[in-house]
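Could you walk me through this structure while I have it open in my viewer? I would like to know what to select at each stop and what I will find there.

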Amino acid sequence: MIRASHISKSFANTLVLHDISAEFEPGKTNLIIGASGSGKTVLLKTLVGLHEADMGEIWYDDTLFNRLPFDRKKSMRKRIGMLFQGGALFDFATVEENVMFPLTMFTGQRYAEKRERVDFCLKRVNLVNVEKRYPAELSGGMQKRVGIARAIALNPSYLFCDEPNSGLDPNTAILIDDLIHEITQEYHITTIVNTHDMNSVMEIGDKVMFIHQGRKWWEGSNRDILYSDNRELNDFVFSSSMTKQFKALSNR
Amino acid sequence: MLKSLLEVCGRYLILMRKVFSRPDRMSVFWRQLLVETEKLGMNSIAIVAIISIFIGAVIALQASFNLESPFIPKMYVGYMTRETMVLEFSSTMVALILAGKIGSNIASEIGSMRITEQIDAMEIMGVNSANYLILPKIVAATVFNPFLMLLSFIVGLFGGWLIVSLTGIITVSQYFDGLQLEFKPHYIIYSMVKMAAFSFVITSVSSFFGYHAYGGSLDVGRSSTRAIVACCVIILITNLVLTQLLL
């Protein structure tokens, strides 16, 4: 479980996150949603430790993560996997080397063992015969899947995904969503997904947190959204006239 | 101005502290070191050799045209070629050329990795990205480039010999006599030490600018330009200081 308690973060006197508290449970896909510029990426990066919180506490199970000394934080990171918006695959490495990278850096495994794990991870994300290709030779969806394979290579306890299906067609986006959802349940990982894709919210949002102007505005499950009367949430989720009609029908 | 300069120096020192820590895995470091030696050192051999051969030839020609007095022995053409190559060209000028070649390469490579979140990905995994990416570059260039200086020196003298042989401005034996005249071997050490220092400057400063790039591809370009300018200025200042200290 990851627990954020009264997190605030500002950049050059601009308050981006304001007193956010939340709990993200293991085995569930926890979604952070919000408009562009609402602060959801900053929140995700603060939770994962890429930004230092100005105030507040971030707990990873029983460990106060944001106050850990450098060395302990570093060893904690081996239990964290992250999928970046653009994939963030290493250009200089092949798919195999990308997925193998954390294994090479942190395990004393021999090549055959690492290779076996790489095969397993790639198979898990439904990728075959791409080991020797470079990221630039892959489609966006394939890059995301390699990113997931790399993120799960070390059997993480915590998985962070920053807009995993941005730039993907709806079918591929659903495949990626399903993959994240399956992996979360299969390995009982605490997964936090940052998205503004409403398909994702409805598909895999076991728990959804809506961020508005740097504050936690609303929290609930994907089903709860249909019945919520929170104006800002409804404006964000049901922004088109068609979805507004859908909401009206649901509430009938 | 002074405040921002101090801020940049502070950030540079913090980065260097991260860079000069024990690598997460030594075997990976050695492998990276070989890769960087090839990329930053071996791949610069051709450009250094081409420039040095022409500069050596030009120095010999210019020296010969300027030594018109019958009281100055012609062998001084060789002497001047040797001294110019060893004291300044093969270290300082070659370093300035390398600042353009490998400095921009490093800044844009690391800058691109920064803006595409590859560095963040490493940090998330618990890898010391500064150490992994920058230390092999610094070590490779600092150790290998002094040999590039040596190569430049030898090739430059060869260029001088070539032009002397082809044009007959002086005899080859006069040229070789000049090369051996009052030869001070510690000049070579001085020049190699300078080159090692310059290589450290080039790799660490351009890595710093790349590592702190932000925004998009335009910013990577800007970082790269800033890196080259900063490298050139620091090389010139370092040259002055080292010359005062070592000669």
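Start by selecting chain B and colouring it by confidence: its mean pLDDT is 95, and 100% of its residues reach 70 or more. Keep in mind that you are looking at a predicted model, with an ipTM of 0.86 and a pTM of 0.89.

**Stop 1: chain B as a whole**

Switch chain B to a cartoon view. You should find nine helices and zero strands, so to speak an α-α-α-α-α-α-α-α-α run from the N terminus on. Along its principal axes, the C-alpha trace of this chain spans about 70 × 40 × 35 Å. Of the 247 residues in chain B, 44% are buried. If you display contacts between residues at least 6 apart in sequence, 86% of those in chain B join residues at least 24 apart.

**Stop 2: Leu135 of chain B**

Now select helix H6 of chain B, residues 129-167, and pick out Leu135(B) within that helix. Is Leu135(B) buried or exposed? Leu135(B) counts as buried because it has 25 C-beta neighbours inside 10 Å, and the cut-off for that label is 20 or more. Show its surroundings next: leaving aside residues up to four places away in sequence, Leu135(B) touches Val19(B), Phe20(B), Pro23(B) and Phe29(B). Then draw a distance from the C-alpha atom of Leu135(B) to that of Phe153(B); these two residues are 18 apart along the chain, and the separation is 28 Å.

**Stop 3: where the two chains meet**

Bring chain A back into view and select the contact, to which chain B gives 13 residues and chain A gives 15. On the chain B side, look for helix H5 (residues 118-125), which supplies the largest share with six residues. Colour the chain B side by residue type and you will get five nonpolar, three polar and five charged residues.

**Stop 4: the six-stranded sheet of chain A**

Move over to chain A and select strands S6, S7, S8, S3, S9 and S10. They form an open sheet in the order S6-S7-S8-S3-S9-S10, with mixed pairing. The edges are S6 (80-83) and S10 (215-220); each has a single partner strand, so one side of each is left without a neighbour in the sheet. Direction ignored, neighbouring strands here are turned by 20° against each other on average.

Begin at the S6 edge. S6(A) pairs with S7(A) in the parallel sense over four bridges, and you can find Ile80(A) opposite Tyr158(A) of S7(A). Add helix H5 of chain A (residues 140-152) to the selection: this helix lies across S6 and S7 of chain A and runs at about 175° to S6(A).

Step on to S8(A), residues 190-195. How many of its residues are buried? Six of its six residues are, so to speak of it as mostly covered is fair. Both faces are covered, with Thr190(A), Ile192(A) and Asn194(A) on one side and Thr191(A), Val193(A) and Thr195(A) on the other.

S8(A) has these pairings to look at:

- S7(A), residues 158-162, pairs with S8(A) in the parallel sense over five bridges; Leu159(A) stands opposite Thr191(A).
- S3(A), residues 29-33, runs parallel to S8(A) and is joined to it by five bridges; the partner of Leu31(A) is Val193(A).

To see how the chain passes between two of these strands, include helix H6 of chain A (residues 170-187): S7(A), this helix and S8(A) make a right-handed β-α-β unit.

**Stop 5: the four-stranded sheet of chain A**

Select S2, S1, S4 and S5 of chain A next, an open antiparallel sheet in the order S2-S1-S4-S5. At its edges stand S2 (14-24) and S5 (63-64), each with a single partner strand, so one side of each has no neighbour in the sheet. Zoom in on S4(A), residues 55-60, which is joined to S5(A) by two bridges in the antiparallel sense. There, Trp59(A) stands opposite Leu64(A).

**Stop 6: helix H1 of chain A**

Finish with residues 40-48 of chain A. Eight of the nine residues in this helix are buried, so H1(A) is largely enclosed by the rest of the structure. Among them are Val42(A), Leu43(A), Leu44(A), Leu47(A) and Val48(A). Just after the helix, click on Gly49(A), whose phi is positive, near 95°.

Definitions and conventions: Residues are numbered from 1 along each chain as its sequence is written. Chains are lettered from A and ligands numbered from 1 in the order in which they are written. This is a predicted model: local features need pLDDT of at least 70, side-chain atom pairs count only at pLDDT 80 or more; totals for chains, interfaces and linings use all residues. A residue is buried if 20 or more other C-beta atoms lie within 10 Å of its own, exposed if 12 or fewer, and partly exposed in between; C-beta atoms are placed from the backbone. pLDDT is the predictor's confidence in each residue, from 0 to 100. Two residues are in contact if their C-beta atoms, placed from the backbone, lie within 7 Å. Ala, Val, Leu, Ile, Met, Phe, Trp, Tyr, Cys and Pro count as nonpolar, Asp, Glu, Lys and Arg as charged, and the others, Gly among them, as polar. Two strands pair if DSSP finds at least two bridges between them. A crossover is right-handed if, with the strands pointing away from the viewer, the path from the first strand over the helix to the second runs clockwise. Axes are lines fitted to C-alpha atoms, for helices over the stretch in contact, and angles run from 0 to 180 degrees between N-to-C directions.
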